[in-house]
Amino acid sequence: MPPVPASWSDEKVETIMGNLLRAGVVLAAAVVLAGGLIYLLLHGAAQPGYHVFRGEPADLRSIRGIVAEAVTLRGRGIIQLGLLLLIATPIARVAFSVYAFARQGDRIYIVVTLIVLTLLLYGLAGS
Amino acid sequence: MNLVEFSLVLMVGSLAAGFLGALTGLGGGVVIVPLLTLALGVDIRYAIGASLISVIATSSGAASAYVKEGYSNIRIGMFLEIATSSGALFGAFLASSISTQVIGAVFGIVLLYSAYHSLRPHAAQPCDEGTPRDRIATLLRMDGAYPTPEGQRHYCVRAVPLGFGLMFGAGTLSGLLGIGSGALKVIAMDQAMRLPFKVSSTTSNFMIGVTAAASAGVYLSRGYIDPGLAMPVVLGVLGGSFLGARFLASARARLLRNIFAGVVVMLALEMIYNSLKGRL
């Protein structure tokens, strides 16, 4: 077994990974909350209409459209941007794992995490 | 009920979903889908989109604590993610040629059986200096330790190929049915690989976020993910998952097993109900 550099022990990797996940969800939640307040302040008195499926408008279905909606400070666009940050969090966690196992010199797990990252990106690209 | 009241009701329900999801490793969908469809009259497609978002939020929210505290086994999680991710792609590929209604009903029955099984704790695996180690688990450096009130307790992993195969099945089902496969993940680690229950549920919790993120793009582009529904769900579920992660540390494994079995029975009945109604 290759010697693990003391600066990148499993405990250190776990601490950084935990902080990364927390930062991701807190940031996503803050953006969702900001968008939600704008949305409810403007439309809060309306009746919810979710019993019929209409699907989201094209602007809220793609990354480019969501960013365009969010920069014009539309509530629903900002919430959707927060959801993109939320979806990106586990992907960032896998990407960080590749780096962490590389720092540990753990070849088997570099390969394992690269396979997972490839499958994940393949699944996302296929959509 | 206007949108503000609707959002508040949904947020309170999501808080419970996040709490249960984080404790059991099942994600929040088990509670979110019936809450939205049965109690609030929301279309099933919007409910599936919101449920997917709730799984990612529960997973990442609780994992931030579980990983730091040393409950989740990152190596086991990462290795098994190969099986779940490739299974999910395989399931999505199969989805066009298989009756999901039949699969849903069968899955429901399998879940009822496993809920019954998961109630019985398996014999504690002795794991000390003299214990013969599983060769694959040793090669993959999977054996580990987790915190208990009596200090760190070591555990040895076994039956890695069986666990890997079950995880592929779990991934395939989630690709086919569009549901988080947390139940099968926990059962595979608990019953086949003989991990301590807290390690099984927190490692499953760690993994389900990745499985869900992989299919999030599909649901987003189909227009299933509605911001007005997702907002209260995300905020509620995250709050619940932080509370759940706190509670797990002090909870007895016996209690967690009972809660897990109860939630799995709920999930099973939901699957069977949805199959009969033709909503899968």
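Angles between helix axes count as roughly parallel under 35 degrees, roughly antiparallel over 145, roughly perpendicular from 65 to 115, and oblique for the rest. The model is predicted: local features need pLDDT of at least 70 and side-chain atom pairs count only at pLDDT 80 or more, while totals for chains, interfaces and linings use all residues. Residues are numbered from 1 along each chain as its sequence is written, and chains are lettered from A in the order in which they are written.

In chain B, helix H1 (residues 3-24; helices are DSSP runs of H or I, at least four residues, numbered from the N terminus) has 22 residues. From first C-alpha to last, H1(B) reaches 31 Å, close to the expected 32 Å (1.5 Å times one less than the number of residues). Gly25(B), just after H1(B), has a positive phi of about 80°.

H1(B) packs with helix H2 (residues 29-39) of chain B at an angle of about 155°, the axes being 8 Å apart. Axes are lines fitted to C-alpha atoms over the stretch in contact, and angles run from 0 to 180 degrees between N-to-C directions. The two helices, H1(B) and H2(B), are therefore roughly antiparallel. Residues are in contact if their C-beta atoms, placed from the backbone, lie within 7 Å. Gly13(B), Ser14(B), Ala16(B), Ala17(B) and Leu20(B) of H1(B) meet Val31(B), Ile32(B) and Leu35(B) of H2(B).

Between the chains, the contact takes 52 residues from chain A and 54 residues from chain B. On the side of chain A that touches chain B, H1(A) gives the most, with 16 residues.

Note on methods: Contact = placed C-beta atoms within 7 Å.
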